[in-house]
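Reader: Hello! I am new to this structure and would love a short tour. Could you show it to me?

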Amino acid sequence: MHLKGPQTLTLNLLWLIPLISILTTGSIIYYNLGFAVHTTEMAIIIVGMMFMLIGNYLPTVSYQFEKQTHPFYRGTELSWNRTKRVLGKSFFFGGLLMLLIVLFSSKVAFGIMLSTLVIVIINVLKNRLANCK
């Protein structure tokens, strides 16, 4: 049986529930043994993994599914295909960047995220200006 649409995303996200439970239980036990627990790092890792999963899933969403779920979507199939590829890559590499940022201190991580945001904004503006011509 081959599932399509939101069913595959739901099944792919179901493995996160036991993972979050294991991480939470492990951190509680770790904390009660007297060790320092960094919950912000755990949250960043989980969100980064979710972004990577959504980034892998997003390019498989069909144009027809988008038209069914959002009936007022006025884009063409070509624009939807381009959009979902760009969004998929952005989500995946954003999640990967979040996983890599955990390795650095908070000041370095903030600098990396800020520089990435500036690069993305510059690229979006450059593409919009190129499409206006």
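Reader: Thanks! In which helix does E77 lie?

Author: Happy to help, and please keep in mind that this is a predicted model. The helix that holds E77 covers residues 77–101. Its name is α5.

Reader: Is E77 buried, partly exposed or exposed?

Author: The relative accessibility of E77 is 45%. Buried means under 20% and exposed means over 50%, with partly exposed in between. Therefore E77 counts as partly exposed.

Reader: What distance separates the C-alpha atoms of E77 and S62?

Author: Along the chain, E77 and S62 are 15 residues apart. In space, their C-alpha atoms are separated by 9.0 Å.

Reader: Now to G55: is this residue buried or exposed?

Author: You will find G55 in helix α3, which spans residues 39–57. Its relative accessible area is 4%. Since buried means under 20%, G55 is buried.

Reader: Which residues does G55 touch, leaving out those up to four places away in sequence?

Author: One helpful clue is that G55 and L87 are 32 residues apart along the chain, while their C-alpha atoms are separated by 7.0 Å. Leaving out residues up to four places away in sequence, G55 touches G88, F91 and F92.

Reader: Lastly, what is the accessible area of the nonpolar surface patch that includes I121?

Author: I121 sits in helix α6, residues 106–132, and counts as partly exposed at 43% relative accessibility. I121 forms the patch with F110, L114, L117, V118, I122 and L125. Together, these residues have an accessible area of about 670 Å².

Notes. Residues are numbered from 1 along each chain as its sequence is written. This is a predicted model: local features need pLDDT of at least 70, side-chain atom pairs count only at pLDDT 80 or more; totals for chains, interfaces and linings use all residues. Side-chain values use heavy atoms; hydrogens and water are left out. Patches are made of residues with over 30% relative accessible area and no salt bridge: like charges are joined within 9 Å, nonpolar side chains (Val, Leu, Ile, Met, Phe, Trp, Tyr) within 5 Å. Accessible areas come from the Shrake-Rupley method with a 1.4 Å probe; for residues, only the protein chains shown count as cover. A salt bridge is a side-chain nitrogen of Lys or Arg within 4 Å of a carboxyl oxygen of Asp or Glu. Helices (H or I, at least four residues) and strands (E, at least two) are DSSP runs, numbered from the N terminus. Buried means under 20% relative accessible area, exposed over 50%, partly exposed in between (1.4 Å probe, protein chains only). Contact means heavy atoms within 4.5 Å.
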